[in-house]
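Me: I am new to this structure. Please walk me through it in short questions and answers.

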Amino acid sequence: MKPTMPISTAGKRRSNQRGFTYVMVLVAVISLGILMEVATIHTSRAQQAEREAELLYRGLAYRNAIKSYYEAGKPVKTYPKSLEDLAKDPRSAHKRHLRALYPDPLSKGKAEWLVIRASDGGISGVASTSKEAPIKTANFPAGLEKLEGAKSYAEWSFEYVPSQALVPAKPPTTPPAAR
């Protein structure tokens, strides 16, 4: 009989927990990935809501500046011919209706606005160039009710339309009675 040499089993403990640590690390990595995705979505939505609020602020600033420009016109009230006229009124040496020309906060780095033209060719309002769907679709402040239900930011228009003086209606004329 041939002598056999005993084989050492040191460090080779048999265990029912093989791979348990590996599975736990995988679960932790997957959980972390899911949490990161949720955080990214939440942050992105918060940033969009912030840009949306800024669009409302800047749009109203443009509408108020156009109103100021229009109302300052004496004797003839006209709309500005360009947005630059709001920052420096060409009709006056020192009149400003807007501190600076604000870029559209949703235009992805472009300082462009959709310009709404009045019948005289002047600018009566502005709108965003973004085709993105808005988060806010209801509960707008007074004067902005027309923004409700808009499908994109481009439908959010900030236009100044002067109120027309109410003209009394003529009383209806009755035809002379037949004799």
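Me: Is Lys77 buried or exposed, or in between, and what is its relative accessible area?
Reply: Buried means under 20% relative accessible area, exposed over 50%, and partly exposed in between (1.4 Å probe, protein chains only). Lys77 is partly exposed, because its relative accessible area is 38%.

Me: What should I know about the model and its numbering?
Reply: This is a predicted model, where local features need pLDDT of at least 70, side-chain atom pairs count only at pLDDT 80 or more, and totals for chains, interfaces and linings use all residues. Residues are numbered from 1 along each chain as its sequence is written, and side-chain values use heavy atoms, with hydrogens and water left out.

Me: Which side chain does Lys77 meet in a salt bridge?
Reply: A salt bridge is a side-chain nitrogen of Lys or Arg within 4 Å of a carboxyl oxygen of Asp or Glu. For Lys77 the N to O value is 3.0 Å, and the partner is Glu71. At 32% relative accessibility, that partner also counts as partly exposed. The name is Glu71.

Me: How many salt bridges does the structure hold?
Reply: Glu54 and Arg58 meet in one at 2.8 Å, N to O. Asp89 and Arg91 meet in another at 3.1 Å, N to O. Together with Lys77 and Glu71, the structure holds three.

Me: Is Asp89 buried or exposed?
Reply: Its partner Arg91 is partly exposed, with a relative accessible area of 38%. Asp89 has 2% relative accessibility, so Asp89 counts as buried.

Me: How many residues apart are Glu54 and Arg58 in helix H1?
Reply: Helices (H or I, at least four residues) and strands (E, at least two) are DSSP runs, numbered from the N terminus. Glu54 is partly exposed at 29% relative accessibility, whereas Arg58 is buried at 17%. Both lie in H1, about one turn of the helix apart, and the spacing is four residues.

Me: How far apart are the end C-alpha atoms of H1?
Reply: The expected span of a helix is 1.5 Å times one less than its number of residues. H1 has 53 residues, so the expected span is 78 Å. The end C-alpha atoms agree with that, at 78 Å.

Me: What is the order of the strands in the open sheet?
Reply: Two strands pair if DSSP finds at least two bridges between them. S1 and S2 pair over four bridges, and S2 and S3 over three. Both pairings are antiparallel, and the order is S1-S2-S3.

Me: Which strands stand at the edges?
Reply: Each edge strand has a single partner, so one side of each is left without a neighbour in the sheet. These strands are S1 (114-117) and S3 (157-159).

Me: Which strands does H1 touch as it packs on the sheet?
Reply: Contact means heavy atoms within 4.5 Å. What covers the buried residues of H1 includes helix H2 (84-87), S2 and S3. On the sheet, H1 touches S2 and S3.

Me: Which residues have the most contacts inside the largest nonpolar core?
Reply: A nonpolar core is a set of buried Ala, Val, Leu, Ile, Met, Phe, Trp, Tyr and Cys residues joined through side-chain atoms within 4.5 Å. The largest one has 25 residues, and its largest share, eight residues, comes from H1. Those with the most contacts inside it are Leu86, Trp156 and Phe158.

How values were computed. Axes fitted to C-alpha atoms, helices over the stretch in contact; angles between N-to-C directions.
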